[in-house]
Amino acid sequence: MRMLRRIAIVVLSLPLFYGVASYSQDAATRQAENRKTSTPYTGDLSIFESPGRDERLQINRVMDILGVTTGKNVADIGAGSGWFTVRAAKRVGDSGSVYAVDINPEAIRYIDARIRRENLHNVKTILGKPDNPLLPATVDAVLMLKTYHEIAQPITLLRNLRSSLSPAAKVGVIDRNGNGENHGIATEVVIREANQAGYRLLEQDDFVKDGMDYFLVFTPK
């Protein structure tokens, strides 16, 4: 009889335990997403096309690490002028796809005009939401270039992104150190938030320049 009581207590306690765990997780997410962020850029998009940027960011090395190769599907989140989008599109070829995501309608119009001008048929633009990139298909690689510090709900966005990732997908973040509102975000903050969203850190590099401090690579846990 005592054994039955113990089993009953354990069973009845399980909903409370999971409820507390869920509440704690939600509280941690809310706390993280109340941190300072920078106002998303809405100015002249041509500033991202500065000469020598490929070399300063070592973008080919970045794409090698992320596995951006022929036939892959790639997401450029916070695509801006489409600077990375067009480079990834040429890498993956006609058998691959690149999704250029931005929350700024002007950026989407800019990229649409650019891909028509450059005759790229493997790029799809997406007007995303601040907490959801709204990817229509599974992707193998993602890059957030000078974008993460502008994301107001990073954990929610990363969680929403997970459903669109292939099992071995890599998610790259290139940014500079800062306090969130000065167009930078500390490395340890990005790593902590990605962990809360269900990702593990694969690689951490500092070879990217162009005003940037770090290149972090994550994969789903």
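Is the crossing where helix 3 passes helix 4 left-handed or right-handed? Keep that in mind while you get your bearings; we'll come to it at the second stop. One caution before you click around: this is a predicted model.

**Start with the whole chain**

Show the protein chain as a cartoon and colour it by secondary structure. You should find seven helices and seven strands. Walking from the N terminus, the order of elements is α-α-α-β-α-β-α-β-β-α-β-α-β-β. Of the 221 residues in the chain, 46% count as buried. If you take the contacts between residues at least 6 apart in sequence, 73% of them join residues at least 24 apart.

**Select residues 59-66 and 83-92**

These are helix 3 and helix 4, whose axes come within 11 Å and cross at roughly 60 degrees. That angle makes helix 3 oblique to helix 4. As for the opening question, the crossing is right-handed. Turn on side chains to see who does the touching: helix 3 brings Ile59, Asn60, Met63 and Asp64, while helix 4 brings Trp83, Phe84, Arg87, Ala88 and Arg91.

**Stay on helix 4**

Now hide helix 3 and look at helix 4 by itself. Seven of its ten residues are buried, so helix 4 is largely enclosed by the rest of the structure. The buried ones to highlight are Trp83, Phe84, Thr85, Val86, Ala88, Ala89 and Val92. Step just past the end of the helix and you land on glycine 93, which has a positive phi of about 70 degrees.

Go back to tryptophan 83 and add arginine 53 to the selection. The charged end of arginine 53 sits over the tryptophan ring, 4.6 Å from the ring centre.

**Select valine 123**

Valine 123 belongs to strand 3, which covers residues 123-127. Is valine 123 buried or exposed? It's buried, because its relative accessible area is 11%, under the 20% cut-off. Leaving aside residues up to four places away in sequence, valine 123 touches Thr85, Ala89, Val98, Ala100 and Ile115. Two of those names should ring a bell: Thr85 and Ala89 are among the buried residues of helix 4.

While you're here, draw a distance line from valine 123 to glycine 96. They are 27 residues apart in sequence, and their C-alpha atoms are 9.0 Å apart in space.

**Select phenylalanine 207 and phenylalanine 215**

How many aromatic pairs does a search of the whole structure find? The answer is one. Phenylalanine 207 and phenylalanine 215 make up that pair, in an edge-to-face arrangement with 5.9 Å from centre to centre and 80 degrees between the planes. Both phenylalanines are buried.

Add arginine 61 to the view as well. Arginine 61 lies over the face of phenylalanine 207, at 3.9 Å from the ring centre.

**Finish at residues 154-162 and 187-196**

The last stop is another helix pair, helix 6 and helix 7. Their axes come within 9 Å and cross at roughly 50 degrees, so helix 6 and helix 7 are oblique to each other. This crossing is right-handed. To see the contact, show Pro154, Ile155, Leu158 and Arg159 on helix 6, then Glu193, Ala194 and Gln196 on helix 7.

Note on methods: Residues are numbered from 1 along each chain as its sequence is written. Side-chain values use heavy atoms; hydrogens and water are left out. Rings of Phe, Tyr and Trp (its six-membered ring) pair if their centres lie within 6.5 Å; planes under 30 degrees apart count as stacked, over 60 as edge-to-face and the rest as tilted. Buried means under 20% relative accessible area, exposed over 50%, partly exposed in between (1.4 Å probe, protein chains only). A charge sits over a ring if NZ of Lys or CZ of Arg is within 6 Å of the ring centre and within 35 degrees of the ring normal. Axes are lines fitted to C-alpha atoms, for helices over the stretch in contact, and angles run from 0 to 180 degrees between N-to-C directions. Helices (H or I, at least four residues) and strands (E, at least two) are DSSP runs, numbered from the N terminus. Angles under 35 degrees count as roughly parallel, over 145 as roughly antiparallel, 65 to 115 as roughly perpendicular and the rest as oblique. A crossing is left-handed if the near helix is turned anticlockwise from the far one by less than a right angle, and right-handed if clockwise. Contact means heavy atoms within 4.5 Å.
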